[in-house]
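Hi everyone, thanks for coming. I'd like to walk you through one structure today, so please have a look at it while I talk.

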Amino acid sequence: MYGYIARQPIFSADKAVYGFELLFRDGEANSFPNIDADEATSKLLLQHHLLLGVESITGNKPAFINFSADTLLHRFPTSINPASTVIEILETVPASPQLLEVCQNLHSQGYKLALDDHDFDPKWDEFLPYITYVKIDVLQFNLLQISRYLRRIADYPLVLLAEKVETAEQFEKLKMMGFVLFQGYLFARPEMMKQKQLSSNKANLLALISEASKPELDFELLAGICQRDVGLSYKLLRFVNNSQFAARQPISSLKLAMVSMGEPELKKFIALLALANLSDSAQDDRLTVALIRARFCDLLAEQKHLSNNPPSAFLTGLFSNVHEIIEQPQLLMLEQLPLQDEIKQALLTQSGLLGQMLQLTMAFERGDWETTVNLEQQISGIAELAEVYQQAVRWADSILVS
């Protein structure tokens, strides 16, 4: 299943691309779906930002995203990076004391705000100290009306953005009036983009994997993520209550369940659970490969007496093909996960001790004995690779069965 997005470039006065406005679309026809603005914004962020980040869509240029009343009042924008996103306040959003408070708060956190299709109504004047961009539809007003309004707001350090610029003559006149950014068919129409779409459940799973990769766990945050998915909560509690980590009394609290396991084992379990559920097919052979690699690297790390918190070797093996499972470029995938730099380098370049372990694992699984022997000598202090691999296979089988 795929998600669709349109991006329309925003240009500077010298016709260089300054940023992009992102628009949710319902298919390759590049048309806006028949849904309300809140749903459109939510789907845009879920399907694209939470998966890869808007930076990957805009080439690290600012992303202008429309926010309607409910998404603003519920502080939805705070889930995204203020350095990469401009929050556009739709013209349909009612000006209110509550909205003003939200704008003040977002401004204080470093977010840049834009008034979209601004209508020149004085009710917005008290918002202007917290606004960076004013977007004006130049087909809605004539140049005299625009000029009068610009004189009224001249004391505010606003960036003027002209929308729906369609002719070179308009462009030249608007530059003379003080506009510095431009958007419209004169420059480019919205460009269609298509990406593999993650369900909300899989977005939760990626969030879990991210948290499990951190040196220190936030149990409250982890419990909150699990509570959004009944299936995850059930599997976690079932695992704890039927394992060596179970207390004398059955555990019913997610947070207590997590604490009882201890951080190293909990991190492994969360990564496993998340990865297993990311796969679209229970019989996905790529999942089996990931599990075997994870345990193989983990056992090698035990022989080398490496620290198990965070379980770096385990995570290196586990993430070695996760990009294939969810069908996303590895580099973009890793940019969105707070993995240790050592793990990322091992995955991207197979460098360092973790990279050597991953190389050894992959050489052993494909029967490349010459490379296996060479790497075994380079790493040193490891032995019985055949038995280690068999243990990893048995462990992976037990995980898949459970």
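Let me begin with a question: which residues does Ile 136 touch, not counting residues up to four places away in sequence? The answer is Phe 120, Phe 141, Ile 146, Tyr 149, Leu 150, Leu 161, Ala 162, Glu 163 and Phe 179. Please keep in mind that this is a predicted model.

Ile 136 also helps us find our way into the interior. The largest nonpolar core has 43 residues, and the members that touch the most other members are Ile 89, Ile 136 and Phe 179. The biggest contribution to this core comes from helix α4, residues 97-108, which gives 5 residues. Another core lies apart from it, with 34 residues that include Leu 300, Leu 354, Phe 364 and Tyr 389. As general background, nonpolar side chains tend to be buried together in soluble globular proteins.

Now let's look at the strand around Ile 136. Strand β6 covers residues 133-137, and 5 of its 5 residues are buried, so the strand is largely enclosed by the rest of the structure. You can see this on both faces: Tyr 133, Lys 135 and Asp 137 are buried on one side, and Val 134 and Ile 136 are buried on the other.

What are the partners of β6? Strand β5, residues 112-115, runs parallel to β6 and is joined to it by 2 bridges. There, Leu 115 stands opposite Val 134. Strand β7, residues 159-163, is also parallel to β6, with 5 bridges between them. Val 134 turns up again here, with Leu 160 as its bridge partner in β7. To get from β6 to β7, the chain passes through helix α5, residues 143-152, in a right-handed β-α-β crossover.

Let's move to another strand, β3, at residues 63-67. Here 5 of the 5 residues are buried, so β3 is largely enclosed by the rest of the structure. Ala 63, Ile 65 and Phe 67 make up one buried side, while Phe 64 and Asn 66 are buried on the other. β3 runs parallel to strand β4, residues 85-89, and 5 bridges join the two. One pair to look for is Asn 66 with its bridge partner in β4, Glu 88.

While we are in β4, let's stop at Val 86, which sits in that strand. Is Val 86 buried or exposed? Val 86 counts as buried because its relative accessibility is 2%, under the 20% cut-off. Leaving aside neighbours within four places in sequence, its contacts are Pro 62, Ala 63, Phe 64, Ile 65, Lys 112, Leu 113, Ala 114 and Tyr 133. Pro 62 is 24 residues from Val 86 along the chain, yet their C-alpha atoms are separated by 6.6 Å.

One more stop: Gln 170, in helix α6, residues 168-177. Gln 170 is buried, with a relative accessible area of 19%. A polar atom of the Gln 170 side chain lies 2.7 Å from the backbone nitrogen of Glu 166. Beyond four places in sequence, Gln 170 is in contact with Val 138, Leu 139, Lys 164 and Val 165.

Finally, how confident is the prediction? The mean pLDDT of the protein chain is 76, and 68% of its residues reach 70 or more. Over residues 25-44 the pLDDT stays under 50, and the model has 45 contacts beyond four places in sequence for this stretch. Residues 242-248 are also below 50, with 7 contacts beyond near neighbours in sequence. Where pLDDT is low, the predicted coordinates should not be read in detail.

Methods
Residues numbered from 1 in each chain as written. Predicted model: local features only at pLDDT ≥ 70, side-chain atom pairs only at ≥ 80, totals over all residues. Heavy atoms only, no water. Core = buried A, V, L, I, M, F, W, Y, C linked by side-chain atoms within 4.5 Å. Buried < 20%, exposed > 50% of the residue type's maximum accessible area, 1.4 Å probe, protein only. Helix = DSSP H or I, 4+ residues; strand = E, 2+ residues; numbered from the N terminus. Contact = heavy atoms within 4.5 Å. Polar contact = N/O pair within 3.5 Å; in protein donor to acceptor, adjacent residues only side chain to side chain. pLDDT = per-residue confidence, 0-100. Pairing = 2+ DSSP bridges. Right-handed = clockwise from strand over helix to strand, strands pointing away.
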